[in-house]
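Please look through the structure below with two topics in mind: how protein and RNA meet, and how charged side chains pair up.

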Amino acid sequence: MAPSPTGPLHIGTARTSLYNYLFARHVGGTFVLRIEDTDLERSTADFERDILDNLHWLGLTWDEGPQHAGDEDIGSFGPYRQSLRFDRYAREADRLLQTGAAYHCWCTPEELDAVRREQETRKEAPRYNGRCLSLTDADRARFDAESRKPVIRLKVPPETVRFDDLIRGPVEFDNALLGDFVIVRSSGVPLYHFVVVIDDEQMEITHVIRGEDHISNTPKHIALIRALGYREPVFGHIPLILNPDRSKMSKRKSQTGMSEYRSEGYLPEAMVNFLAFLGWSPGTEEEIFSLEELAERFDIGQVHKAGAIFDRDRLDYLNGVYIRSLTDADLALRLRPFVPTGVDDTTLARLVPLLKERMVRLTDAGELSGFLAETDEVVASWWSTDDLLPKGREASEVSGALGVARDALAECTTWSEEPLESAARSAADALGWKAGDFFRPIRLAVTGKPVSPPLFGSMVLLGRDATLARLDGAIQRLRAAAPA
RNA sequence: GCCCCCAUCGUCUAGAGGCCUAGGACGCCACCCUUUCAAGGUGGAGAUCACCGGUUCGAAUCCGGUUGGGGGCGCCA
């Protein structure tokens, strides 16, 4: 896997990494991570950190590459950051120049642009016209005198290139359409197509698994491989992850940053399971798989050819499944960053069983547990007296009922779920109210919300004093609101 | 414009010539359970397998074409 640190870890990059990981683990191979930071302008250490961190978070471990931002690499083919390998690229560029497989080109961007436009009006494939191939020594001397810096282009032989794609089968491309592409910038910094090929050879990469958007780059890479006399790896191009409109998933139309999903409370297990099934299935009706199980079952040959839309509803569903499958202790640990700091560890541990069944994302815990962390005043501000009234009930009736409830609860000698519930139910019966109607204003008064964790469990966590105080507060507000 | 790739319910997918009156899951709807919301259970709607033509006794599955969609055509990766 060769991510470029020109942005945070993208969902698509994560899925490609996952497939590389699963393939390597499945066949007992070596998973290599290389940082493609030849674009010095746009690559940053922060992006690299984000990529490595989130890959680790997903549980994808690699055998070779930089382990953490700033760390030393592991593996014997390093360095694994391209910015540290420029001397190797320069050597290979010289070699190509020497053999005549590559040449200098002094054309300016303006000149190239003009050629491109001309080709377009003639309905031809836009490609370099090879002008600098036929330069005289005098021309070269003139450019040197002007101290113009040339780029290096590969002389692409006009031949049909074939390769057998792991996923798509035989793919054919006419390299005559390619033109002589640039492999080293005028600044001397080599370009992506050139460096991947060199690194892949030197790092003894046997399988290149990448997004479908690279499929038309592959002929360029093969041309380079041949010019350099390298061994050709096996290529596999996996389908793209799509926006809802079926275009390539992009920041503009979708949420693409892995860290955003992470901070929204998605579990790495759910994300991995979800991503794995975007373009692959084990061919059975099972759908819940751990990373290990996926590695065991994964078959690169069964990967789909068509792209798949990123479906948030399905991710949510899977996340809920994984949350419910966690032990209470584990869930409490993972919930820590998502609940208000006012909720201490003991309370959190007792809260977990109440929350577990009703969470889609870890962030839901914040909403569901807010009533424990906020003051009585704040919680009271979440509702209005109208919210308290079940259909067809007057404020005076409800304040009376709340009073009955308050007294019944206050009489409980032990403040735990069962006695509280039976006290409340008997009170409802005595008044002739349906339990549901009776509980609604109590729930609002105690938790501040019409939707909350189970009512009596919530009361236990809140404690006797606060519960009764909130009930008293609600009764007073209702009395004030009710016409005398 | 040129090149490449793709095509099964709204979505993710099962499907490798007869097991398909096309299966599962998400989402949606209804009902059950129920102190709210979820979760869970049951059931339902939802796909003329993009279209046309071939091959075959038989095609979602093989072949050809059409249409539609996507990707790539940088001194980005």
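In this predicted model, 60 residues surround RNA strand B, and R42, G279, R358, R425 and R443 come nearest, where a residue is near a strand if one of its heavy atoms lies within 4 Å of it. Of the strand's atoms within 4 Å of the protein, 74% belong to sugar or phosphate, the rest to bases. The side chain of T38 places an N or O atom 2.8 Å from a phosphate oxygen of RNA strand B, while a polar side-chain atom of N217 lies 3.3 Å from a base nitrogen of that strand. The surface near RNA strand B takes its largest share, four residues, from α11.

The structure also holds 37 salt bridges, each a side-chain nitrogen of Lys or Arg within 4 Å of a carboxyl oxygen of Asp or Glu. In one of them E421 pairs with R425, the closest N and O atoms being 2.9 Å apart; both residues lie in helix α17 (helices are DSSP runs of H or I, at least four residues, numbered from the N terminus), four residues apart, about one turn of the helix. R425 is partly exposed at 37% relative accessibility, a term for values between buried, under 20%, and exposed, over 50%, with a 1.4 Å probe and protein chains only.

Residues are numbered from 1 along each chain as its sequence is written, and chains are lettered from A and ligands numbered from 1 in the order in which they are written. Local features need pLDDT of at least 70, side-chain atom pairs count only at pLDDT 80 or more, totals for chains, interfaces and linings use all residues, and side-chain values use heavy atoms, with hydrogens and water left out.

Technical notes: A polar contact is a pair of N or O atoms within 3.5 Å; within protein, one must be able to donate a hydrogen and the other to accept it, and residues adjacent in sequence count only if both atoms are side-chain atoms. Helices (H or I, at least four residues) and strands (E, at least two) are DSSP runs, numbered from the N terminus.
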